[in-house]
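Work through the following exercises with the coordinates at hand. Each task is followed by a solution in steps.

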Amino acid sequence: MPGPLVVNDSVVIPDAELVWRFSRSSGPGGQGVNTTDSRVELSFDVSATTALPPALKERALDRLGGPTITIAASEYRSQLRNREAACQRLAQRLREAIAPPPKRRRPTKPSRGSVERRIATKKQRSDVKRLRRSP
């Protein structure tokens, strides 16, 4: 999976900024489980990257809580598939971290009709319960 990691249309992380580590994975795998390094750890240093503009880098550092993101993938038996899974997860985490903040909600008052309907249903419910009482 060498090559740059595409986060979105404007952000592409060069391969040189990604740090890969491989180790033996736990779980099923038959005879090959003890000989293949199928577990993948992908690390990315957000604070040292040149792929993010300063504003996005600051936003990502605030949201991620630390300067480095480390993703571990060991759900597949193949190292290649684990590498692909780690790349996808890292790209997703970065997309969420650099996304613009949601628009603020403009507070609104309930409409007059909705208030009247609410009070009418409350009165109707009150009448039902009043009629259930014994005289």
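Two strands pair if DSSP finds at least two bridges between them; strands (E, at least two residues) and helices (H or I, at least four residues) are DSSP runs, numbered from the N terminus. The model is predicted, so that local features need pLDDT of at least 70 and side-chain atom pairs count only at pLDDT 80 or more, while totals for chains, interfaces and linings use all residues. Residues are numbered from 1 along each chain as its sequence is written, and side-chain values use heavy atoms, with hydrogens and water left out.

**Exercise 1.** Determine the strand order of the open sheet and the pairing of β3 with β4.

*Solution.* The three strands follow the order β3-β4-β5, with antiparallel pairing. At the edges are β3 (18-23) and β5 (68-73), each of which pairs on one side only. Between β3 and β4 there are six bridges in the antiparallel sense. Within this pair, Val19 is located opposite Ser43 of β4.

**Exercise 2.** Characterise the environment of Glu41: is Glu41 buried or exposed?

*Solution.* First, locate Glu41 in strand β4, which spans residues 39-45. Second, apply the accessibility classes (buried under 20% relative accessible area, exposed over 50%, partly exposed in between; 1.4 Å probe, protein chains only). Glu41 counts as buried because its relative accessibility is 16%. Third, list its contacts (heavy atoms within 4.5 Å): not counting residues up to four places away in sequence, Glu41 touches Val19, Trp20, Arg21, Thr70, Ile71 and Ala72.
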